[in-house]
Every structure is written in structure tokens, then in C-alpha cells.
Amino acid sequence: MSVLSRLNNCGGLQTSASVRTILIMGSTAAAVSVASALPGHANWSPKPEPKFWSQVRRQMMDQETSAPSDWTFMEAMQSPKVDAAEYLRDPRRLDQTVTFQALLLMRKGESNPWGMRQLSMRAQCLDGVLERQDQEGRWSPYPGRQGTAAKVNWICAQAPNP
């Protein structure tokens, strides 16, 4: 027997309405909390570029005279095996797809040199996925990680509908 049924059987009709309101409001709040915790619904934005990564990026850009410097820091990871940072620039919308240039800075172990790679990428706004373009112009899935859908939402917001 539910709590509401018990209250009705005990003559607590007015209390029953109050409890029903609390249960409905509580259920709504719980649903909103669960939805906002899902990766595709999370509000994500990049943190400011750490000084370490700013120095590495500038050093790499100085070596590449043709590389533009207007990159937005997305995220980075550091471990004993690999250090890597991802950047984005020039987001452009076409319907529900945002194309952009991506920059990857990476080194495998502290004793190895830094490498830099630029990629043409796109965010599929409705699907919450990223894709990269190969040298022949074909698009293929970019490996997703936890939080990719939230990052795609952020990228898509950088290039609003015209």
C-alpha cells in the first residue's frame, strides 16, 4: 500500500494532497538532477589554459611560422607515459554540424620531443559526436571519451545558427 493510500484510508485527505505535491516536486527535481548529470546534458566549458601548456604551445608555434596562434584550450592530460593537450579554433556552422580546426600537442614520456598535429574536425551537434577528416576529405569517428557529448554541445554553441 502506498503512502498516499494509507493517508487517504486514515482520513488525511488534506495531508494527502500536500504529500502528493511534495512527491511530484521531488520526482521532478530528481529527474532534473539525473538528466543534468548525464554527459550529454552537462554544462561544460574549457578551463583557462594552464601556464605549462601555454608555454609548450608558444614554443611549438614559434617553430611553425605558418601556424596561427588563436587557439582555444580545450583540455589536457598528463601521465608518466604521455602528455597531451587539445585546442580548437575557427568553428563554423553548417546546419547541425560545426567544423573547426583542432590542434594536438603531445609527447610520449618526458625524454621525447614534443609533437604538434593539426586536424580538420567537425562536431555533429544532434548526435553529440566528433569526427575527423582524412587527407582524402572523408570523415570518420573521432574516439569519444567520457564527456564528449557535453564538449560537442559547447563546440556547437561557439558557432550559433546564422
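The following exchange concerns the terms applied to the predicted model above.

Modeller: In this predicted model, local features need pLDDT of at least 70 and side-chain atom pairs count only at pLDDT 80 or more, whereas totals for chains, interfaces and linings use all residues. Residues are numbered from 1 along each chain as its sequence is written, and side-chain values use heavy atoms, with hydrogens and water left out.

Colleague: Why is the link of C125 and C156 called a disulfide?

Modeller: A disulfide is a pair of cysteine sulfur atoms within 2.5 Å. The sulfur atoms of C125 and C156 lie 2.0 Å apart, and therefore the pair qualifies. The structure holds 1 disulfide. C125 sits in the loop between β4 and β5 and C156 in helix α4, 31 residues apart, so that distant parts of the chain are linked (helices are DSSP runs of H or I with at least four residues, strands runs of E with at least two, numbered from the N terminus).

Colleague: What is the handedness of the link of C125 and C156?

Modeller: The link is left-handed, with -100 degrees about the S-S bond.

Colleague: Why is C125 called buried?

Modeller: Buried means under 20% relative accessible area, exposed over 50%, and partly exposed in between, with a 1.4 Å probe and protein chains only. C125 has a relative accessible area of 12% and is therefore buried. C156, at 6%, is likewise buried.

Colleague: What covers the buried residues of α4?

Modeller: The cover includes β1 (72–78), β2 (83–94), β3 (97–107), β4 (115–124) and β5 (129–133), where contact means heavy atoms within 4.5 Å. Among the buried residues of α4 (residues 148–158) are W154, I155 and C156.
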